Amino acid sequence: MPCQGSGHSSCSKPMCQSCAMPMCEVAHFGTNKDGSKSDTYCCYCYTKGAFTDPSRTVDQMIDMVATKMAEMKKMPKERAYSIVKNMIPNLKRWKK
Ligand SMILES: [Zn+2]
């Protein structure tokens with residue numbers, strides 16, 4: 001099924017506002033303090049109402065996500081890095 005409208009490939013999927021992972025399954029959602037699901041952050045970044053690694057900096061996150069993306073998409077790390085470094089700082093967790 002092609003996406004309706006805007007041409008986004010991830011149109012209806014929420015994206016983690018910390019690491020930019022698309023959360024295509026409820027299992028990927030983080031959890032709030034009361035145990036309910038958070039569609040803002042993924043399960044790797046956010047569990048039970050807190051970040052799993054609260055001391056992580058935006059630069060560390062960019063590096064980690066770029067490494068992962070380069071691996072997954074088999075692209076040079078520099079290329080992944082240039083995409084990720086424009087994406088991560090705009091997410092809710094990092095936006096000032
Ligand atoms: Zn995340």
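Reader: Is V65 buried or exposed?

Author: A residue is buried if 20 or more other C-beta atoms lie within 10 Å of its own, exposed if 12 or fewer, and partly exposed in between, with C-beta atoms placed from the backbone. V65 has 22 other C-beta atoms within 10 Å. That puts V65 in the first class: buried.

Reader: What pLDDT do local features need here?

Author: pLDDT is the predictor's confidence in each residue, from 0 to 100. Residues are numbered from 1 along each chain, as its sequence is written. This is a predicted model: totals for chains, interfaces and linings use all residues, side-chain atom pairs count only at pLDDT 80 or more, and local features need pLDDT of at least 70.

Reader: What is the mean pLDDT of the protein chain?

Author: In the protein chain, 89% of residues reach 70 or more. Residues 1–8 are below 50. That stretch has five contacts in the model beyond near neighbours in sequence. The mean pLDDT of the chain is 89.

Reader: What pattern does the protein chain follow along the sequence?

Author: Helices (H or I, at least four residues) and strands (E, at least two) are DSSP runs, numbered from the N terminus. The chain has two helices and four strands. Read along the sequence, they give β-β-β-β-α-α.

Reader: What share of the 96 residues counts as buried?

Author: Start with the contacts: two residues are in contact if their C-beta atoms, placed from the backbone, lie within 7 Å. Of the contacts with a separation of 6 or more, 29% join residues 24 or more positions apart. As for burial, the share among the 96 residues is 20%.

Reader: At what angle do the axes of α1 and α2 cross?

Author: Axes are lines fitted to C-alpha atoms, for helices over the stretch in contact, and angles run from 0 to 180 degrees between N-to-C directions. Helix α1 covers residues 58–73 and helix α2 residues 77–87. Their axes come within 8 Å and cross at roughly 130°.

Reader: Why does α1 count as oblique to α2?

Author: Angles under 35 degrees are roughly parallel, over 145 roughly antiparallel, 65 to 115 roughly perpendicular, and the rest oblique. The helix axes cross at roughly 130°. Therefore α1 is to α2 oblique.

Reader: What is the hand of the crossing of α1 and α2?

Author: A crossing is left-handed if the near helix is turned anticlockwise from the far one by less than a right angle, and right-handed if clockwise. α1 passes α2 in a crossing that is right-handed.

Reader: How many residues of the contact of α1 with α2 are nonpolar?

Author: From α1 come I62, V65, A66, T67, M69, A70 and K73, and from α2 come K77, A80, Y81, V84 and K85. Ala, Val, Leu, Ile, Met, Phe, Trp, Tyr, Cys and Pro count as nonpolar, Asp, Glu, Lys and Arg as charged, and the others, Gly among them, as polar. One residue is polar and three are charged. The nonpolar ones number eight.

Reader: How far is V65 from I88, C-alpha to C-alpha?

Author: V65 lies in helix α1. Beyond four places in sequence, V65 is in contact with C19, A20, V84 and I88. V65 and I88 are 23 residues apart in sequence, and in space 8.8 Å.

Reader: What separates the C-alpha atoms of C42 and C16?

Author: C42 sits in strand β2 (residues 37–42), and C16 in the segment before β1. Both are buried, C42 with 24 C-beta neighbours and C16 with 25. Outside four places in sequence, C16 contacts M21, M23, Y41, C42 and C45. The two cysteines are 26 residues apart along the chain, and their C-alpha atoms are separated by 5.2 Å.

Reader: Where is K48 found?

Author: K48 has a positive phi of about 50° although it is not a glycine. K48 has 11 other C-beta atoms within 10 Å, so it is exposed. Its place is in the loop between β3 (46–47) and β4 (50–51).

Reader: Which residues does G49 touch, leaving out those up to four places away in sequence?

Author: G49 is also in the loop between β3 and β4. With 13 C-beta neighbours inside 10 Å, G49 is partly exposed. Its partners are N32 and K33.

Reader: What is the phi of A20?

Author: A20 is in the segment before β1 (29–31). It counts as buried, with 20 C-beta neighbours inside 10 Å. A20 is not a glycine, yet its phi is positive, about 70°.
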